[in-house]
Amino acid sequence: MKHPPLLQPWDEHNRRLQAHVHPSDWKSPTPAPRYNLVVIGGGTAGLVTAAGAAGLGAKVALIERHLLGGDCLNVGCVPSKALIRAARAAAEARASARFGVKITGEVAVDFSAVMERMRRLRADLSPHDSAARFRELGVDVFIGEARFASGDTVQVGGQALRFAKAVIATGARASAPPITGLAEVPYLTNETLFSLTELPRRLAIVGAGPIGCEMAQAFARFGAEVTLIESAAGILPREDREAAEILRAALERDGVRILCDGRDLKVARAPDDGVIWQLASAGQQQAGHADRLLVAVGRAPNVEGLGLEAAGIAFGRQGVKVDDFLRTTNRRVYACGDVCSRFQFTHAADFMARIVIQNALFKGRRRVSALTIPWSTYTSPEVAQIGLGPADAKVRGLAMDTFTQPLAKVDRAILDDEADGFVRVHVRRGTDQIVGATVVAAHAGDTIGELSLAMTNKIGLGRVGAAIHPYPTQAEAIRRVGDLYSRTRLTPWVKRVFSWWLAWQRAEFGQRRSPQARPHPLMAP
Ligand SMILES: Cc1cc2nc3c(=O)[nH]c(=O)nc-3n(C[C@H](O)[C@H](O)[C@H](O)COP(=O)(O)OP(=O)(O)OC[C@H]3O[C@@H](n4cnc5c(N)ncnc54)[C@H](O)[C@@H]3O)c2cc1C
Ligand SMILES: NC(=O)c1ccc[n+]([C@@H]2O[C@H](COP(=O)([O-])OP(=O)(O)OC[C@H]3O[C@@H](n4cnc5c(N)ncnc54)[C@H](O)[C@@H]3O)[C@@H](O)[C@H]2O)c1
C-alpha cells in the first residue's frame, strides 16, 4: 500500500515522522477471531488505552486513519509548544537590555529555522507513538478508516474485527464557525498552521481561546502583525477574569491587536490572495487586511462516518454520549478523549483512557467525575486553572473563601522580572479544603501540579502551607497562600488566649528568675 505524503513540507523530518506514525509500507495484521478491545483512533486517548490494555494481557486492535499520535503530537501540543519556546527566546533576546545585557544589532527571527526545529523535535518524539512500537507492545495496528458494522464488529480496510469491548477515541477537529464569507477564503486551522514555511506579515486570528492566545503571542514575537478577534467580552472567556486581564496586557505589550466583543465578522478574499476582514468590536467598526487567517474557535467531535447508528451508539453535537463510567449507549462500547469530553486536553485524554481500561476490561466502577483536571495556557505569563472558579461556585451555590498571593511580593518572581501574576486558591468556606485555584506565572502550568496533588489527595491548604518550599522560588507563592489561610485561624478569641498566655509567661519568668538573678561578670559595674 503506497500513501501520498500527509505532512508538508515533505522534508527529512516529516518523512521520518510519517515513517513512524503512518508508515507507507505498513502491512495490516490478520485479525484475531475476537478482540478483548478494539480501539478506534490513535491519538493520546487511543494510544494510552491500547498500550495499557495490551500491557495487562488483553488482545487489542488499534485503528488509525491518519497519523498515530493524533492532534497532540502532530498538529497540537507538540508543534505549538516548540513554536512558543522559540518565540520566548526571541522575546527574551529583545528584553535583554532590561537585565543589563546588550545585544548589538537587530534581533531577527529566522521563521523557516524555527519551523524546521519544530519539525525535527516532533519527529524526534514520534517513535513513542509509532506503529512499530505498538506492534512491539503486542497491539494489532491497522491503518485505515474504522466504521462500526454492527454492535460487536468494526470494519477497517475490508476486514471485520469482532470485539468483546470497543473504545471510540476519534478526537475532534477545528470547527468552522458561521462567519460570512469564510467558505470563500483560504484559511488556516491547527491542521495546516504548522506546515507554514514563511512568516505571514499580517496574521488575523479568530478566537481568543488557548489556541488563539498562544499562537497570537508566538507569531507576534516572530515579527508578524497579529490581530486577535474574539466574540466574547474578553480573551480566554473561560478563565479567571483577573488572570485573563493580565494576559491581555501582556499580549498587547507583544504587539497583538485585540478586538473583543466582536460582532458581524465578515471576511472576503483580497486581490493578493490574502483576506479582508471587518467587524464591529465593542460597538466600533474595524477592518483590516491579513496575509493569513487562522480560525481557532473550538472543536467539533469526530463522529461522522463511524457507523455509530449501526452500533446503537447515541451522539450529538457535543460528541459521543457517555455516562460517568465513560460507557456509551452500547454497553460493549466506551469512549474517551476529545470525542466525548468538555475537558479537551492530552492529560485528560490520558486519565480517561485509564478509567476505560479498568471499567471495560475489569468491570471497574471508576467515575470520570472523580477526576480533578488542571489545565494551562502556555502564553507568557502562563494561565493555569484547576477545579472551580468563582463563576462555577456561584452556579453550584458553593460558598468559598479566596486567598491570593500576588507575585509582586514574591522575591524570586521580582528577581526574574516575572512578577505579573498571582496564585489564587479557593477553599470551601470555613475550611481549608481546596476547591479550585488559578495561577498566573511564567511557569504556571508546572506550579499548578502542586495544587493538583493537594486536591487529588485531599490535602488542605493549611498543610500545603506547612510544607517547606526552597527560597527563593516562585513556587513559594503557594506556601504563602497557605500562610494567608493559616492567619485566618488567628481569630480575635485565639489572639486573646495567646496574649493572656504570653503575659502569664512573662510574669512567671520574672517571679522565678528575679531572686537568683545575678549580673553577668562582664556587666558588673
Ligand atoms: C493547537 C493545539 C494545541 C494544543 N495544546 C495542548 C496543550 O498544550 N496541552 C494539552 O493538554 N492539550 C492541548 N491540546 C489538546 C490536545 O491535543 C487534545 O486534547 C488531545 O490530542 C486529544 O486526544 P484524543 O486522543 O482524544 O484525540 P486526537 O488527538 O484528535 O486523536 C484522535 C485520532 O482518531 C483518529 N480517527 C478519527 N476518526 C477515525 C476513524 N473513523 N478511524 C480511524 N481513526 C480515526 C484521528 O485521525 C486522530 O488521530 C491542543 C490542541 C490543539 C489543536
Ligand atoms: N494549552 C492547552 O492546554 C491548549 C492549547 C490549545 C488548545 N487546547 C485545547 O484545544 C481546545 C480548542 O482550542 P480553541 O482555542 O480553538 O477553542 P476554545 O473553545 O477554547 O476557544 C475558542 C474561542 O473562540 C471564541 N469564538 C467562538 N466563535 C467565535 C467567532 N465566531 N468569532 C470570534 N470568536 C469566536 C470563543 O468565545 C472562545 O474564546 C481548547 O478548548 C483546549 O481544550 C489546549
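## Two annotated residues and one helix pair

With 31 C-beta neighbours inside 10 Å, aspartate 338 counts as buried. The model is predicted.

**Exercise 1.** Place aspartate 338 in the fold and list its contacts beyond four places in sequence.

*Solution.* Start with the element. Aspartate 338 sits in the loop that joins β18 (333-335) to α10. Then take the contacts. Leaving out residues up to four places away in sequence, aspartate 338 touches Gly171, Ala172, Arg299, Pro301, Gln344 and Ala349.

**Exercise 2.** UniProt lists Lys81 and Asp338 under "binding site" in an unreviewed entry. Is lysine 81 buried, partly exposed or exposed?

*Solution.* Find the residue: lysine 81 belongs to helix α4 (residues 77-94). Count the neighbours: 16 other C-beta atoms lie within 10 Å of lysine 81. Apply the cut-offs: buried needs 20 or more, exposed 12 or fewer. Lysine 81 is therefore partly exposed. Aspartate 338, with 31 such neighbours, is buried.

**Exercise 3.** Describe how α2 packs on α10.

*Solution.* Take the geometry. Helix α2 (residues 44-55) meets helix α10 (residues 346-362) at about 40°, and the axes are 8 Å apart. That angle makes α2 oblique to α10. The α2 and α10 crossing is right-handed.

Now list the residues in contact. Helix α2 supplies Thr44, Ala45, Val48, Thr49, Gly52 and Ala53. Helix α10 supplies Thr346, Ala349, Asp350, Met352, Ala353, Arg354, Val356, Ile357 and Leu361. Sort them by class: the contact of α2 with α10 has 9 nonpolar, 4 polar and 2 charged residues.

Conventions: Residues numbered from 1 in each chain as written. Chains lettered and ligands numbered in written order. Predicted model: local features only at pLDDT ≥ 70, side-chain atom pairs only at ≥ 80, totals over all residues. Axes fitted to C-alpha atoms, helices over the stretch in contact; angles between N-to-C directions. Helix = DSSP H or I, 4+ residues; strand = E, 2+ residues; numbered from the N terminus. Parallel < 35°, antiparallel > 145°, perpendicular 65-115°, else oblique. Left-handed = near helix turned anticlockwise from the far one by under 90°. Contact = placed C-beta atoms within 7 Å. Nonpolar A, V, L, I, M, F, W, Y, C, P; charged D, E, K, R; others polar. UniProt positions renumbered as here; feature names shortened; annotations may be inferred.
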